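Colleague: Please take me through this model term by term, giving the criterion behind each label along with the value that meets it.

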Amino acid sequence: MKLKTILKKGISVLAAGSMIFALTACGGGSSSDETSDESTGTDSADTESTSTDDSGGSGEGVTLEFQQWWGVELPEGFLDEICQDFTDETGINIELLSNPYADTKTQIAAGAASGTMADVVGLDGSWVYDFAKQGSIANLTELMETSGYDDSQLSDQVQFEGNTYMIPVVNFAYPMYVNMDILNEAGVTEVPKTRSEFLEVAKKVTNPDENVSAFAIPLSTESPSGIQNNFMSWLWASGGSMLKDGQPNLTDNEDMTATVDFIKQLYDENLMIAGTYAMEEADMVEEFTNGRVAFMIDSLAHLLTIQEGAPDMNIAFMKVPVQDGYTGESGMDVANWGIGIAENCEYKEEAIQFVEYLMSPEVNAKLAVAANAFPGNVNAEPDYADADQLFMDAYELFQESYAINEFTGLPTSEELMRSFDEQLQLYLDGDTASAEDMLSETQTIWEEAFQ
Amino acid sequence: MAGKKKWYIKLFIIVALVMGALFAAFPVLWMLLSSFKPNAEIFAWPPTWISENFSFDAYAAIFTNPEQVRFFLNSYFVAMVVVVLSLVVGILASYSFSRFNFPGKSLINTLIVSVQAVPPITLLIPYLSLIVTLKLYNTYWALILTYLLFTLPYAILMITGYLNTLPKDLDEAVMIDGGSRWQALWRVLVPTAVPGLVSVGMYTFMQAWNEYLFALALTKTNDMRTVPVGINLLMGQHAYEWNQMMAMSVLGSLPVLLLFLFFQRYFIAGMTAGAVKN
Amino acid sequence: MRAKKVSNFKKKSTPYLYLLPTIILMFLLLIIPIGMVVGYSFFDNVIINDNPKFVGLQNYIEILQDKTFLIAVKNTLYFVGVSVAAHLLLGVAFAMLLNTRYLGTKTKALFRVLYVLPWMFTASVIAILWKMMLNPSGIVNYLLEVLRLSGNQIEWLGSRQFALLSVTFINIWSGYPFYMISILAGLQGISTDLYEASSLDGANSIQQFFRITIPQLKPILISLIMLDFVWTIQQFALIWMTTGGGPINATEMLSTYIYKQGFSKYQYSMASASACIVLVVCTIIAVFYVRHQKARD
């Protein structure tokens, strides 16, 4: 009896399975438009190309694949709209592909090797050197020349051996967030301007019983961007640099040594929140949102999320405190959404058209506003009218500083950050005797990567 | 005297069971509770149990998103096909290992086991290139075949083990009556090995359902992607949708749970009818 | 005469025929990529460069001398050893509990479902969930404080003391259901006659457990141990997403080491070489297992 039922069930499962399978067998890989059609009133009749390039190809009927992680962080349907507008203007179709941010690098590497890389790809500054060296991404300088694009309007271009391989589309500044509620409770009314003032305030606001700390720094080695965004920010804010003529300059660098010791002091005096070595940027944001951290250096893009999570928090922005006695301009760390073109893309002319479209002043401005970021085109005039006053405060701070991120365009940037991270952890834990030792050890490791 | 002893044992068993259940289920309970909280509250201190802002928002977001629903359908479909194929191919191979001795048996056996030993991440690029060459990229077949490769060694090993516990007398009984080996296999051995087959099937389903790396690498468009990829897509560069991730995981585990509930009666004692008395 | 030869051939080829689908599938789709990986390990500049250079065993020598690699080996041994042992103990214990005759079917069914829960989730979810729970401000520390078992906020995943232990614990939690279910299935196959007969001979439960249950389960247990060993060495997502191999190599495993070589340093040849070392170790284990199986037959 049981055998019969088993057989019956087995056969029905098989039958159902093969039916579904037959139905969908031809459906594998079909690009679905069902979910992305949110275009508002397409002017389908108007196929007049408004781009200023001289490329002869009409571009009609060509489909470009655009792989990015941005869609998740923009308002629903926004990216689809932008791409649809482009299609209306030029007749070139854009297929939006999305990947989880954390795995995008692996995907691009695998895609480049197996020839499945998308035509246009979102890139992070720290990947450019390696992908350019491997020949996975295309030389944009040449493409821009051929299409007659005026690249002076680009605020930045990330280069490798003299040629551009990635263009930052929008920039995310990393100012310092302050939880004014914590400060006020501790009787502090003014934000610190120098490092020693910061230390004083930090001691006042840190309260282990209430589980409140002054600062947080994410030092997880899985994604060591904490070194770039939360550590080096201190260095750059005081006009320091970790490179000299493009080579590592960690030793004999007073600013660097001072910064390392400053962080060590914060750590030793328990002014930083626990869990540093396993903390990622997202974790740090959660700690801040829950009122456990007074100061944090973080991407401006988080402002909305934090406000949603903590609507009653009194947030303010401030410049990263400088070294005592420093009076020069401060550097502000920026991360960005960069864009590049695959080397094995068959429609490079159309691809550069799309890139130029995203970089055009109007579109770029719209993107910047939607992403809570700053535009990559110097002529773009984003309409931040609806934006928070806080956002404008940060924008002001940004304009008073110079944008800097020395990790962009370095060889194996992520690995550099990781080794610095590990050495820093050893020093913080007391394994390494002094900052100089830690830095010279890191210098050795870095120099190897630069060969 | 015997009654008293039984009382002790029963209590011990119950206590052990409850402690074990806490160990097993508490994290899952936490996951469930978190899926009903707004994002920021998930990290509140002191932690809250049932949120004041209890809401089904996370679930609503998933159900109203056709892309996410598609992830579930894809996962379910791929996993089912993989289970069926794994069992069928696995049974055939196990029969060979269990009932025959032939030259090359040890070699093939060793190979089957050891191919699992290659770290998937190193296999990723060459394997991807192979799939692309075979024109299977971004299709259901790519996932199905890949998961088959992952689960076959386990299936073969375990089914061989289960078949080995069934005496050869059973086969012989059928063949003496004029039946073929094929009939012996499918009419007698397989039904008797059902508990083992069910556990292998469960494992296979789980493997296919939960796999992430190759699901991501072998697919390009969201209409081909599976639940684990869907969950990871909720981790943006700047913000994680924690409650949605928890909700999606809860939803993702339901089909597997249902399958388990459905098939678990095959674990119950009573299938010992297969053991031939000596 | 000819008929006999044909039927002889048929007889000899039967086992191979049954194996055919497996052979075609596995060897076609796996041998080629694996071959490529082995090949890469002997070159330099693979994949990313069009001019790979043959360097023989140099990659292997470099790896075996790498401090980090040796640390990864040590951690992996700990991780795998403890995980497999714990999986085995928990699997047997829970399976026995769920098979007991002292409780009703409904109760057992309920607990069966509860016990199998950790298995239902994908690695990234488990990693994130536990990361949340083991956060210094997370629920685990909270409960420890409330139960007065600890005064401080313990950094489970963030300190060198506890990271490896925590990661191993998470792996144990997520992996024991596999053993439990397989053993439960195996328990069903043990004839109750054996127990009855031994009861009549005056054996108590403990003796029965060690003299009947374990020996009967032995073939399954050995398969489970071996498979788990191979799989646990591969465990990547769990470790990567909780600690990334840190803090400072405290949880660096062979799998994370290989990943970093391949996708952070872009040294695919080194990654391939490391992978081959893992492959060789597991093949040796597999050989022992197969020999053991053969001896049993």
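Modeller: In β10(A), A:Tyr177 has A:Met296 as its bridge partner. This is a predicted model, in which local features need pLDDT of at least 70 and side-chain atom pairs count only at pLDDT 80 or more, while totals for chains, interfaces and linings use all residues. Residues are numbered from 1 along each chain as its sequence is written, and chains are lettered from A and ligands numbered from 1 in the order in which they are written.

Colleague: What makes β6 and β10 of chain A a pair of strands, and in which sense do they run?

Modeller: Strands here are DSSP runs of E with at least two residues, and helices are runs of H or I with at least four, both numbered from the N terminus. Two strands pair if DSSP finds at least two bridges between them. Strand β6 (residues 176-179) and strand β10 (residues 293-297) of chain A are joined by three bridges in the antiparallel sense, so the pair satisfies that criterion. Another residue with a bridge partner in β10(A) is A:Val178, which stands opposite A:Phe295.

Colleague: How do you know that β7(A) also pairs with β10(A), and is that pairing parallel or antiparallel?

Modeller: The two strands run parallel and are joined by two bridges, so the minimum of at least two bridges is reached. A:Ser213 faces A:Val293 of β10(A) across this pairing. In general, strands of a sheet pair through backbone hydrogen bonds, either parallel or antiparallel.

Colleague: Why is the pairing of the whole sheet called mixed, and what is the strand order?

Modeller: The order in this open sheet of four strands is β7-β10-β6-β11 (chain A), and its pairing is mixed. Its edge strands are β7 (213-215) and β11 (315-318) of chain A, each of which pairs on one side only. From one strand to the next, the twist averages 20°. Helix α10 (residues 281-289) of chain A packs on the sheet and touches β6 and β10 of chain A, with its direction at about 145° to that of β10(A). Such angles run from 0 to 180 degrees between N-to-C directions, the axes being lines fitted to C-alpha atoms, for helices over the stretch in contact. The label mixed fits the two pairings already discussed, as β7(A) and β10(A) run parallel, whereas β6 and β10 of chain A are antiparallel.

Colleague: What makes β10(A) count as mostly covered?

Modeller: A residue is buried if 20 or more other C-beta atoms lie within 10 Å of its own, exposed if 12 or fewer do, and partly exposed in between, with C-beta atoms placed from the backbone. Five of the five residues in β10(A) are buried.

Colleague: Why is A:Gly91 called partly exposed?

Modeller: A:Gly91 has 16 other C-beta atoms within 10 Å, which is over 12 and under 20, so the residue takes the label in between. A:Gly91 lies in the loop between α2 (78-90) and β2 (93-98) of chain A.

Colleague: How do you know where the domains of chain A begin and end?

Modeller: The bounds come from an automatic or database domain assignment, which gives domain 1 (63-172 + 335-386) and domain 2 (176-318 + 411-449) of chain A. Their C-alpha centres lie 30 Å apart. Two residues are in contact if their C-beta atoms, placed from the backbone, lie within 7 Å, and by this test nine residues of domain 1 of chain A are in contact with 11 residues of domain 2 of chain A.

Colleague: Why is chain B described as more spread out than a compact globule?

Modeller: Chain B has 12 helices and zero strands. The radius of gyration of chain B is 23 Å, well over the 19 Å that the globule rule gives for 278 residues, so chain B is more spread out than a compact globule. The radius is taken over C-alpha atoms, and the rule is 2.2 Å times the number of residues to the power 0.38. Along the principal axes, the C-alpha atoms of chain B fill a box of roughly 70 × 70 × 30 Å, and 57% of the 278 residues count as buried.

Colleague: What makes chain C earn the description more spread out than a compact globule?

Modeller: Chain C comes to 12 helices and two strands. With a radius of gyration of 24 Å, well over the 19 Å from the globule rule for 297 residues, chain C is likewise more spread out than a compact globule. Its C-alpha atoms fill a box of roughly 85 × 75 × 30 Å along the principal axes, and buried residues make up 51% of the 297 residues.
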